[in-house]
Amino acid sequence: MTYCVAMRLDAGLVFLSDSRTNAGVDHVGTFRKMSVFEVPGDRMMVMLTAGNLAISQSVRQLLSDFKNKAGRTLWTATSMYEAAQIIGEAIRAVHERDCQALDKFGISFNASMIFGGQIKGERCRLFQIYSAGNFIESLDDSVYLQIGESKYGKPIIDRVVSLDTSLDEAAKCALISMDSTLRSNISVGLPLDLLVYEADRLAVTRFVTIDEKNQYFRMIRDSWGEQLKRVFDGIDDPVWDAAPEVVGNVLSNTTMRSKPVRVAAPAGLAVGASEPLQVLAQDVGNKLQP
């Protein structure tokens with residue numbers, strides 16, 4: 001598996017990918033999933049891949065000189081939209097070539113990609129491309145895209161990132177998102193590739209490959225966990241069976257009549273005479289009220 005995330009901001013673009021392809025007790029594969037297509041001063045484009053590694057590598061290899069019906073390649077496409085179409089056509093070409101053989105071995109054609117960048121004369125754009133070669137574009141109400149194991153790292157991005165987020169803050173958020181995923185899923189792993197692109201530069205602005213020795217990422221891993229624990233400890237525990245006008249943060253109050261859905265015990269089963277725990281707790285709470 002994998003986790004890749006990209007963000008399209010007013011200030012530019014941020015791309016982050018892991019490098020794990022297999023996870024198991026005795027077999028872990030590492031392959032880089034970020035590819036850069038760059039003609040400095042004219043275009044800077046990045047592709048992140050997830051899914052079947054053989055398929056995504058075939059697509060990447062094909063894209064070096066793949067032409068659409070108009071005879072244009074990624075290097076000559078007139079817009080990012082046309083470039084995304086070219087990638088979609090390359091995926092379909094690989095599907096047409098390999099799908100029958102994959103089917104015979106029970107292997108599904110599974111590949112997804114994030115593709116973004118800027119071509120001279122237009123703004124930064126970001127797309128998610130699917131196995132069928134179709135795609136969607138990131139718009140102002142959805143400034144980031146994810147592929148792979150996305151659920152663990154999504155909440156922090158939803159809370160932090162917006163169009164006016166700075167590139168450094170977005171890069172920090174992407175790394176925290178990745179750290180959350182690394183902690184929860186063994187199928188995602190180091191090293192990471194992080195690329196930050198400043199709008200209108202038309203060349204890679206900043207790039208780094210991050211391993212377990214990277215000073216900044218180690219700080220993220222340590223301090224983020226500590227800060228979360230500190231915030232967690234600062235939130236009050238719930239108060240049960242109290243009057244809300246007497247104390248705050250009441251989870252259940254003395255006027256509530258909440259009851260769980262109970263499954264009836266089999267007929268003839270001996271049942272003790274003791275009261276259910278919640279009833280006893282309510283009785284104690286009522287006696288403590290002034």
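On this tour, buried means under 20% relative accessible area, exposed over 50%, and partly exposed in between, with a 1.4 Å probe and protein chains only. The model is predicted, so local features need pLDDT of at least 70 and side-chain atom pairs count only at pLDDT 80 or more, while totals for chains, interfaces and linings use all residues. Residues are numbered from 1 along each chain as its sequence is written, and side-chain values use heavy atoms, with hydrogens and water left out.

Select residues 80–104 to begin, which are helix α2; helices (H or I, at least four residues) and strands (E, at least two) are DSSP runs, numbered from the N terminus. The 25 residues of α2 reach 36 Å from the first C-alpha to the last, close to the 36 Å expected at 1.5 Å a residue. Colour the buried residues of α2, among them Met80, Glu82, Ile86, Ile87, Val94, Cys99 and Leu102, and then show their packing partners, which are β6 (43–51), α1 (53–62), β7 (111–119), β8 (125–129) and β9 (135–137). Just after α2, centre on Gly106, where phi is positive at about 70 degrees.

Move next to β6, where 8 of the 9 residues are buried. Adding β5 (residues 34–39) shows an antiparallel pairing with β6 over 6 bridges, where two strands pair if DSSP finds at least two bridges between them. Glu38 stands opposite Met44 of β6, and the hairpin of β5 and β6 has 3 residues between the strands, with Gly41 in the turn at a positive phi of about 90 degrees.

Finally, select β7, which is antiparallel to β6 over 9 bridges, and find Gly116 there as the bridge partner of Val46.

Conventions. The expected span of a helix is 1.5 Å times one less than its number of residues. Contact means heavy atoms within 4.5 Å.
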